[in-house]
Amino acid sequence: MAEVVLEAAEVRAPDDRVILHPISLRLTEHRIGIIGPNGSGKSTLARLVNGLVTPSSGRVLVDGVDVARNGAAVRRRVGFCFTDPSAQVVMPTCIEDVELSLRKRIKDRVRRREAASQILARYGLADRADVSVHALSGGQRQLLALAGVLATDPDLLVADEPTTLLDLRNTRLVADTLFGLEQQLILLTHDLDLVRRCDRVLLVEDGRIAFDGPAEVAVARYEATV
Amino acid sequence: MTPITDSWATRLPVGAKMLTLIALSITTVALHGVRSAAALLGFVLVLAVSTRVPARTLLRTLRGIVLFAVVVAALQWWWIGPARALESLLDLTTLALLGVLLTATTPVGDMLEAFVRWAGPMRRFGVDPERVGLVISMAVEAIPGTITLARETRDAARTRGLERSPRALLTPFVIRVVARAHEKGAALQARGIGD
């Protein structure tokens with residue numbers, strides 16, 4: 001399990017507006033939920049963890065590695081799953097997209113294809129291997145996006161509202177996949193049922209951590225603010 | 001996307017197919033006369049049948065190019081004469097068929113690997129072959145997504161009765177395509193690709 005440390009990490013927009021006030025945190029729990037209203041800074045907080053956003057001041061460390069200094073090394077350990085899988089899937093067919101993630105690790109083509117098939121099978125996409133990614137249903141596409149990210153074998157997965165675009169069935173499927181992972185999970189979501197399954201929940205409001213603690217309490221606090 | 005038909009041509013190395021394509025294309029353009037043009041088209045048709053690429057795939061792709069070829073032929077008939085018109089019609093059809101045959105018997109991944117290999121010598125000029133391949137396949141993947149965006153923007157404009165306003169159609173479309181490109185960039189970065 002990875003250890004994510006924020007040391008007074010602050011994020012400002014180019015016009016100096018504060019997006020995230022200085023935050024200090026140490027995240028080591030298996031499943032960490034992040035909730036909060038739209039525009040509260042949740043996504044920015046999540047993107048700090050894998051260096052897609054770097055702090056304007058302060059530091060973010062993943063297992064002691066500074067995200068701002070060595071983003072590439074951090075991203076090898078931290079997977080990121082976006083809300084819209086269409087944005088994340090980059091290759092024409094399912095198997096090719098998974099292979100893309102494996103390219104660095106497995107040089108041999110035949111072995112790479114085998115490994116990719118196995119990964120697709122794990123996410124119930126075995127029969128979709130050579131299908132265009134555009135022919136998939138929303139749920140399948142999100143599973144493919146997940147498969148592509150997890151193929152790189154990260155220690156930690158950050159998921160930014162991964163179920164927001166999905167129907168109930170697919171939400172459950174993707175959620176069960178996420179909560180079935182051995183990897184550490186940082187989950188941003190508006191789905192309070194999912195939040196309740198987390199070990200620790202951060203409530204973000206106006207660029208600040210408004211609450212940090214057990215899921216039930218966090219959800220109650222969040223509901224009270226609406 | 002064209003589904004891949006399995007045949008002897010599918011198992012041929014991409015380089016061999018590419019060279020054949022180039023050689024046949026040059027021959028088609030270099031040889032003059034209706035007779036040779038017809039012979040080449042005949043040869044390519046036999047090739048097409050032997051690769052078992054479904055006629056439907058061939059026809060669908062040919063429809064567009066033949067329309068274009070007919071217009072060109074009509075103009076040439078007018079300017080030069082019927083023989084030249086017929087020759088260019090046959091030549092263009094042959095070239096289009098060759099193109100379809102290559103794409104219909106070659107998985108995108110194989111084509112990609114080949115391009116990456118061929119870009120290898122460019123390394124000394126600072127070209128990263130892997131990145132060349134990635135760019136090509138991303139371009140291929142982006143086409144259906146962009147069409148979807150165009151359709152969505154058009155529908156959105158229509159719903160609001162703005163289908164005649166180029167601004168209501170183009171502005172959101174361009175913004176969304178650029179935004180999508182940014183998202184893809186972030187996704188690639190997040191997956192550690194290109195680091």
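Two strands are said to pair if DSSP finds at least two bridges between them, and this tour of a predicted model leans on that criterion once the strands of chain A come into view.

Begin by selecting the whole of chain A, whose secondary structure comes to nine helices and ten strands. The radius of gyration of this chain is 18 Å, close to the 17 Å that the globule rule gives for 226 residues, so chain A is as compact as a globular protein of that length. Along the principal axes, its C-alpha atoms fill a box of roughly 50 × 40 × 35 Å, and 48% of the 226 residues count as buried.

Next, select strand 9 of chain A (residues 200-205) together with strand 3 (residues 31-35), which pair in the parallel sense over four bridges; here A:Gly33 stands opposite A:Val201. Now add strand 10 of chain A (residues 208-213), which pairs with strand 9 in the antiparallel sense over five bridges, with A:Ile209 as the bridge partner of A:Val204. In the hairpin that these two strands form, two residues lie between the strands, and A:Asp206 takes a positive phi near 50 degrees.

Finally, turn to the contact between the chains, which takes 22 residues from chain A and 21 residues from chain B. On the chain B side, the elements that give two or more residues are helix 6 (108-118), helix 7 (129-159) and helix 8 (166-190), and helix 8 gives the most, with eight residues. Coloured by class, this side of chain B shows ten nonpolar, five polar and six charged residues.

Notes: Residues numbered from 1 in each chain as written. Chains lettered and ligands numbered in written order. Predicted model: local features only at pLDDT ≥ 70, side-chain atom pairs only at ≥ 80, totals over all residues. Contact = placed C-beta atoms within 7 Å. Nonpolar A, V, L, I, M, F, W, Y, C, P; charged D, E, K, R; others polar. Rg over C-alpha atoms; globule rule 2.2 N^0.38 Å. Buried ≥ 20, exposed ≤ 12 C-beta atoms within 10 Å, placed from the backbone.
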